[in-house]
Amino acid sequence: MRWVFVAIVNHWFEALESGIDQAQMAREHLLQLGEVQYACMTYMSLIPMQLECAPTLEDCVEETKAGLALAARTGNDNQTASFFPFCLLLNTLHATPVIGSTGNEDFSEEAFLALGDVGLMASAYFHVAGALSAALFGMGQDLARHAGAAMRLLAGIPGTYFTA
């Protein structure tokens with residue numbers, strides 16, 4: 001249950017850094033128990049907190065790559081789709097793509113949209129990440145488009161740190 005605490009409660013009452021530690025402990029414990037699908041879900045809390053607290057952006061990139069790798073190993077397409085927006089955001093924050101830069105994966109907005117129905121969480125995170133990126137880079141029309149779309153989806157995933 002530690003991963004649920006990290007996903008929904010920790011960021012409201014504790015420093016984000018403690019959430020990172022809690023998420024990592026939860027992931028390791030879940031992996032020891034063989035609960036790989038739940039372990040994969042811990043990255044949905046860990047990656048946004050890393051965006052805020054990691055000493056370098058590279059730390060967040062490595063955490064995101066680890067989440068993608070676990071999702072791929074376990075066949076968790078839902079989590080892969082949910083990690084996609086973070087890949088887009090991290091690639092945007094770098095001068096050159098750092099995730100999917102091997103040519104094997106396309107982490108572009110067009111590629112995300114081509115996935116089709118990816119579910120509520122991935123769609124909401126896509127628009128939250130898109131709005132954040134647009135705000136950081138002064139792209140007003142994209143900000144309005146993504147923020148509007150995100151607002152329509154947020155009620156379905158209340159309480160998570162990235163949408164708080």
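Val9 sits in helix α1, which covers residues 2-13; helices here are DSSP runs of H or I with at least four residues, strands are E runs of at least two, and numbering goes from the N terminus. With a relative accessible area of 32%, Val9 is partly exposed. That label follows a simple scale: buried is under 20% relative accessible area, exposed is over 50%, and partly exposed is in between, using a 1.4 Å probe and protein chains only.

This is a predicted model, so local features need pLDDT of at least 70 and side-chain atom pairs count only at pLDDT 80 or more, while totals for chains, interfaces and linings use all residues. Residues are numbered from 1 along each chain as its sequence is written, and side-chain values use heavy atoms, leaving out hydrogens and water.

Back to the surface: Val9 joins Phe5, Ile8, Trp12 and Phe13 in a nonpolar patch of about 510 Å². Patch members have over 30% relative accessible area and no salt bridge; nonpolar side chains (Val, Leu, Ile, Met, Phe, Trp, Tyr) are joined within 5 Å, and like charges within 9 Å. The areas come from the Shrake-Rupley method with a 1.4 Å probe, and for residues only the protein chains shown count as cover.

Now for the inside. The largest nonpolar core has 41 residues, and Phe83, Ile99 and Phe112 have the most contacts inside it. Two or more residues each come from α2, α3 (36-41), α4 (43-53), α5 (57-74), α6 (77-93), α7 (109-114) and α8 (120-136), with α6 giving the most, eight residues. A core here is a set of buried Ala, Val, Leu, Ile, Met, Phe, Trp, Tyr and Cys residues joined through side-chain atoms within 4.5 Å. Beyond its neighbours within four places in sequence, Phe112 is in contact (heavy atoms within 4.5 Å) with residues including Phe84, Leu88, Val118 and Phe126.

Helix α4 is largely enclosed by the rest of the structure, because eight of its 11 residues are buried. Among them are Tyr43, Leu46, Ile47 and Met49.

What about charged pairs? The whole structure holds four salt bridges, meaning a side-chain nitrogen of Lys or Arg within 4 Å of a carboxyl oxygen of Asp or Glu. Here are some of them:

| Pair | Closest N to O distance |
|---|---|
| Glu63 and Arg27 | 3.0 Å |
| Arg145 and Glu109 | 3.1 Å |
| Asp142 and Arg145 | 3.3 Å |

Glu63 in helix α5 and Arg27 in helix α2 are 36 residues apart, so their pairing links distant parts of the chain. Arg27 is buried at 9% relative accessibility, and Glu63 is buried too, at 11%. Arg27 and Glu63 also belong to a salt-bridge network with Glu28. Leaving out neighbours within four places in sequence, Arg27 touches Ala39, Thr42, Tyr43, Leu46 and Glu63.

Arg145 in helix α9 (residues 140-153) and Glu109 in helix α7 tie together parts 36 residues apart in sequence. Arg145 is partly exposed at 39%, as is Glu109 at 25%. Asp142 is in α9 as well, three residues from Arg145, about one turn of the helix.

How many disulfides are there? Zero, taking a disulfide as a pair of cysteine sulfur atoms within 2.5 Å. For Cys53, the nearest cysteine sulfur belongs to Cys60, 10 Å away. Cys60 has its closest cysteine sulfur in Cys87, at 9.7 Å, too far for a bond. Cys60 is buried at 0% relative accessibility, whereas Cys53 is partly exposed at 21%.
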